[in-house]
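Subject: Structure handover and notes

Dear colleague,

I am passing on the structure below, together with notes on what was found in it. Please read the notes with the model open beside them.

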Amino acid sequence: MEEKRKYPRTEIDEPAYVSSGGSVMPCVVRNISREGAAIDVDNPTFVPQHFRLVMAKDPSIVHECRVTWIQKNRIGLTFMKIADAVAEPPPS
């Protein structure tokens, strides 16, 4: 299958948290890139469409996310702000 992502994903297995509106749910980040990630959760029904992904090993790493797809207990995420991205100037 042809890879269509702009940035390749790195396979990882790191604990993290889905954080939204004062509630926190544990998850596991299975892969990550500059523009998104895939996480596993116990019950995707309780994951909101927009939330913060907080890395457990370093809570200073927080990604604003939106859900892109759900397959069983795996959720594909798109980061709302791409890390270290340089904005392109608008066309003249």
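In this predicted model, six strands close into a barrel in the order β1-β2-β3-β6-β5-β4, with antiparallel pairing, and from one strand to the next the twist averages 45°. Strands here are DSSP runs of E with at least two residues, helices are runs of H or I with at least four, and both are numbered from the N terminus; two strands are said to pair if DSSP finds at least two bridges between them. The twist rests on axes that are lines fitted to C-alpha atoms (for helices, over the stretch in contact), with angles that run from 0 to 180 degrees between N-to-C directions.

Before the details, a word on conventions. Residues are numbered from 1 along each chain as its sequence is written, and side-chain values use heavy atoms, with hydrogens and water left out. Because the model is predicted, local features need pLDDT of at least 70 and side-chain atom pairs count only at pLDDT 80 or more, whereas totals for chains, interfaces and linings use all residues.

As a whole, the protein has zero helices and six strands, and its elements run β-β-β-β-β-β from the N terminus on. Of its 92 residues, 33% are buried, where buried means under 20% relative accessible area, exposed means over 50%, and partly exposed lies in between (1.4 Å probe, protein chains only). Among the contacts with a separation of 6 or more, 45% are between residues 24 or more positions apart, a contact being heavy atoms within 4.5 Å.

Going round the barrel, β1 and β2 pair in the antiparallel sense over nine bridges, and in their hairpin, which has two residues between the strands, Gly21 takes a positive phi near 55°. The next pair, β2 and β3, is also antiparallel and has four bridges, with Val28 standing opposite Asp40 in β3; these two strands form a hairpin with three residues between them. Five bridges join β3 to β6, again antiparallel, and here Ala38 stands opposite Gly76 in β6. Between β5 and β6, which run antiparallel, there are six bridges, and Val67 has Leu77 in β6 as its bridge partner. Finally, β1 and β4 pair in the antiparallel sense over four bridges, with Val54 in β4 as the bridge partner of Tyr17.

The turn between β5 and β6 may deserve a look of its own. These strands form a hairpin with two residues between them, and Lys72, which is placed in this loop, has a phi near 55°, a positive value in a residue other than glycine. Lys72 is also exposed, with a relative accessible area of 77%.

Turning to the interior, the largest nonpolar core has 18 residues, and those with the most contacts inside it are Val29, Ile39, Val47, Phe51, Leu53 and Leu77. Such a core is a set of buried Ala, Val, Leu, Ile, Met, Phe, Trp, Tyr and Cys residues joined through side-chain atoms within 4.5 Å. The elements that give two or more residues to it are β1 (10-20), β2 (23-32), β3 (36-40), β4 (50-55), β5 (62-71) and β6 (74-79), and β2 provides the largest share, four residues. Leaving aside neighbours within four places in sequence, Val47 is in contact with Val18, Met25, Val41, Val67 and Ile75.

Two residues of β2 complete the notes. Asn31 lies in this strand and is buried, with a relative accessible area of 10%; its side chain is joined to that of Arg9 by a polar contact of 3.0 Å. A polar contact is a pair of N or O atoms within 3.5 Å, of which, within protein, one must be able to donate a hydrogen and the other to accept it, while residues adjacent in sequence count only if both atoms are side-chain atoms. Ile32, likewise in β2, counts as buried at 18% relative accessibility and has Thr10 standing opposite. Ile32 and Glu11 are 21 residues apart in sequence, yet their C-alpha atoms are 6.7 Å apart in space. Not counting neighbours within four places in sequence, the residues in contact with Ile32 are Pro8, Arg9, Thr10, Ile12, Ala37, His63 and Phe79.

With best regards
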